[in-house]
Amino acid sequence: MTASRVPEGVRDQEPPPSLRERRLHPVTPLRRAWAPIAVLLGWAVHDMNQAQRQLSQLTGATLAIGLGVLVPAAALYGFLTWWFTHFAVTETELRIRTGLLFRRTAHIRLDRLQAVDVTQPLLARFVGVAKLKLDVVGTDKKDELAYLGEKEARDLRAELLARAAGFAPESAHEVGEAPAREILRTPPGTLAVALLLTGAPWVMLVAALVVPGFLWFATHNLWTVIAVAVPLAGGAFTNSAGRFIKEYDWTVGESPDGLRIDHGLLDRVHETVPPGRVQTVRIVQPLLWRRRGWVRVELHVAGSANSVLVPVAPREHAEDVIARILPGVAVPKPADFTAPPRRGRWIVPVWWKAYGVSVTETVFAARQGLLQRQVSLVPHAKVQSVRLTQGPWERSLGLAGLHLDTGANKTVTARLRDAQEAAELLRAQADRSRTGRKGARPDRWMSGGAGAAP
């Protein structure tokens, strides 16, 4: 669990008696009980030969005694971790208190929340429970409460977002979850065809079939073949069936607290794209998608792991969604991009024409890629720094690269620009960024909504 920084001594204080603490759902011990068993499985996988020798020496009675000790110990561990885990919502923060021998209290400031997602793994859907995942500014890992009752998770999510938006604590319970209006849905058939027309799964599948066979003839070592085949097969699955399962029934809805995304065949996920915190939007179009006019939209959000906005959709529908997440932004047309000078072919001989730059009143757009086209959009207000770079070969040709750094620790690069043009873009972009930040929308949830507390 990632905790916000608090003064020394505050973290371990007991909560005041008036603070109402709650426990997780009673099925949570079943989830926690797997930890001791997972440790044993990890040891067995780490040294399979030693584990096999140890198991071969065990008698039936010894194995029964071992299971008789392990199962109750795992159950007791799961129960105790659940019993000593509490959470409470105050006027300013969410507190999560854990620990049996060593107490630990995580203080998550509500004004630092940028997303609260509800996820339901397959088994959790049968039981009627859900996870609550919290994206906090300045942390790389999501905090979570697992598990809560499905209704309790959604009610708590609505309460946290209402308080984070500035609603008074006494009215936060009454605000409820803001309604959402569906603006895009990806049909499963379209998603399946799009994945089949993507090159990465096929490359991984061919590698998973060819490379292990080559290694077997070269080494005749089964463990070497398995060590190589398993990651390759896993990669092929992740890029094909895995993506289909994850992105199944992808739905984008618009609500006052941002764009809501629901997806998943086995594990159902309910996410919200934080308003005002999107740093970069990238439009990706593989070669075989161009005839159908399909694109994929990815994004970078400061401090968030959310990375996909639209898995596949016609360009006009995708651009409509981009207009909702970046109000006032129009995606530049292909004719709006300026190609690099012809001398750029000496650095990138084949696809130098694929690079391009377009600057509008609201965004800086950079294009690249021949087989897989990519257009990166950076709102001027989100640019943290601008850099100009030149290597020895570029200097001799009078070329330079322009790099725009954003708050998501990402960089958008415009390559192969004329050196004088790049210097002018550098100065102009610095001015545009300062002007853009002055008129940027606030990052708070449901900012400007009625009922917000002062």
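How many helices and strands does the secondary structure of the protein come to? In this predicted model, the tally is 13 helices and 19 strands. The chain has 454 residues, and buried ones make up 42% of them. Take the contacts between residues at least 6 apart in sequence, and 57% of those turn out to join residues at least 24 apart. As for the outside, the protein exposes about 24000 Å², with carbon and sulfur atoms supplying 60% of that area.

Let's start the walk at L110. You'll find L110 in the loop between β3 (104–109) and β4 (113–120). Is this loop residue buried or exposed? L110 has a relative accessible area of 3%, and since the cut-off for buried is under 20%, L110 counts as buried. Who sits around it? Setting aside residues up to four places away in sequence, L110 touches T90, E91, T92, E93 and L94, and also L160, R163 and A164. One of these partners, E91, is 19 residues away along the chain, and its C-alpha atom is 8.4 Å from that of L110.

Now move along to strand β7, which covers residues 181–186 and includes T186. T186 is buried too, because its relative accessibility is just 2%. Its side chain reaches the backbone oxygen of V312 at 3.3 Å. V312 also shows up among the residues that T186 contacts beyond four places in sequence, together with L191, D249, W250 and P311.

L191 takes us into the next element, helix α8 (residues 188–196), where the buried residues are L191, A194 and L195. Viewed down the axis of α8, these buried residues fall within an arc of 95 degrees, so they line one face of the helix. What do the buried residues of α8 pack against? The list is β7, α9 (199–219), α10 (222–247), β12 (294–301) and β13 (308–314). So the strand that holds T186 is one of the packing partners of α8.

Helix α9 deserves a second look, this time from the outside. There is a nonpolar surface patch of about 680 Å², made by L196, W202, L205, V206, L209, V210 and V211. Which element gives the most to the nonpolar patch? That's α9, with 6 residues. V210, for one, lies in this helix. So α9 has a part in two of our stops: the buried residues of α8 pack against α9, and α9 is the top contributor to the nonpolar patch.

Key: Residues are numbered from 1 along each chain as its sequence is written. This is a predicted model: local features need pLDDT of at least 70, side-chain atom pairs count only at pLDDT 80 or more; totals for chains, interfaces and linings use all residues. Side-chain values use heavy atoms; hydrogens and water are left out. Helices (H or I, at least four residues) and strands (E, at least two) are DSSP runs, numbered from the N terminus. Buried means under 20% relative accessible area, exposed over 50%, partly exposed in between (1.4 Å probe, protein chains only). A polar contact is a pair of N or O atoms within 3.5 Å; within protein, one must be able to donate a hydrogen and the other to accept it, and residues adjacent in sequence count only if both atoms are side-chain atoms. Contact means heavy atoms within 4.5 Å. The arc is that of the directions from the helix axis to the C-beta atoms. Patches are made of residues with over 30% relative accessible area and no salt bridge: like charges are joined within 9 Å, nonpolar side chains (Val, Leu, Ile, Met, Phe, Trp, Tyr) within 5 Å. Accessible areas come from the Shrake-Rupley method with a 1.4 Å probe; for residues, only the protein chains shown count as cover. A salt bridge is a side-chain nitrogen of Lys or Arg within 4 Å of a carboxyl oxygen of Asp or Glu.
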